[in-house]
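Colleague: I should be grateful for a close look at a single part of this model, namely one contact between helices. Please set out the geometry and then the residues concerned.

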Amino acid sequence: MSPAGVPTPGAPEKAAVQSMFDRIAPRYDLLNRLLSGGTDVRWRRRAVEFLGLTGPARVLDLATGTADLLIEALRRHPGHSGWG
């Protein structure tokens, strides 16, 4: 609800979506790897290689989800910083 006590449009839907993601998040990465046959891991590695990071750099992972792409970039280039 808003401070004036008026219901906020979309609030119940937002709570329902958040609850759904909270339930599936612990299993999402495992299922993604199984269902993709590891393809998700390979494309992340290739994407990080494609970035061609050299020297100090900042990596921004928009719509990060579980942050796997950002984690891979920082794992392979520990001197960099990132936000997801």
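Modeller: A crossing is called right-handed if the near helix is turned clockwise from the far one by less than a right angle, and left-handed if it is turned anticlockwise. With that term in place, I turn to the model, which is predicted.

The setting may come first. The protein chain contains three helices and two strands, and its order along the sequence is α-α-β-α-β. Of its 84 residues, 17% are buried. The accessible surface amounts to about 6,500 Å², and carbon and sulfur atoms account for 64% of that area. Where contacts link residues at least 6 apart in sequence, 44% of them join residues at least 24 apart.

The contact to examine is that of helix H2, residues 39-51, with helix H3, residues 68-76. Two packed helices are described by the angle between their axes and by the distance between the axes. For H2 and H3 the angle is about 55° and the axes are 9 Å apart. H2 is therefore oblique to H3, since an angle counts as roughly parallel under 35 degrees and as roughly perpendicular from 65 to 115. The handedness of the H2 and H3 crossing is right-handed.

As to the residues, H2 contributes Trp43, Arg44, Arg45, Ala47, Val48 and Glu49 to the contact, while H3 contributes Asp68, Leu69, Glu72, Ala73, Arg75 and Arg76. By class, the residues of this contact comprise seven charged, five nonpolar and no polar.

Two arginines of H2 deserve individual attention. Arg44 belongs to helix H2 and has a relative accessible area of 11%; it is buried because that value falls under 20%. Beyond its neighbours within four places in sequence, Arg44 is in contact with Asp68, Leu69 and Glu72, and also with Asn32 and Arg33.

Arg45 likewise lies in helix H2. Its relative accessibility is 39%, so Arg45 is classed as partly exposed, a category that runs between 20% and 50%. With neighbours within four places in sequence again set aside, Arg45 is in contact with Glu72, Arg75 and Arg76. Arg45 and Arg76 stand 31 residues apart along the chain, and their C-alpha atoms are separated by 9.0 Å.

Glu72 of H3 thus appears among the contacts of Arg44 and among those of Arg45. In summary, the contact joins H2 and H3 at about 55° in a right-handed crossing, with seven charged residues and five nonpolar ones.

Definitions and conventions: Residues are numbered from 1 along each chain as its sequence is written. This is a predicted model: local features need pLDDT of at least 70, side-chain atom pairs count only at pLDDT 80 or more; totals for chains, interfaces and linings use all residues. Side-chain values use heavy atoms; hydrogens and water are left out. Axes are lines fitted to C-alpha atoms, for helices over the stretch in contact, and angles run from 0 to 180 degrees between N-to-C directions. Helices (H or I, at least four residues) and strands (E, at least two) are DSSP runs, numbered from the N terminus. Angles under 35 degrees count as roughly parallel, over 145 as roughly antiparallel, 65 to 115 as roughly perpendicular and the rest as oblique. Contact means heavy atoms within 4.5 Å. Ala, Val, Leu, Ile, Met, Phe, Trp, Tyr, Cys and Pro count as nonpolar, Asp, Glu, Lys and Arg as charged, and the others, Gly among them, as polar. Buried means under 20% relative accessible area, exposed over 50%, partly exposed in between (1.4 Å probe, protein chains only). Accessible areas come from the Shrake-Rupley method with a 1.4 Å probe; for residues, only the protein chains shown count as cover.
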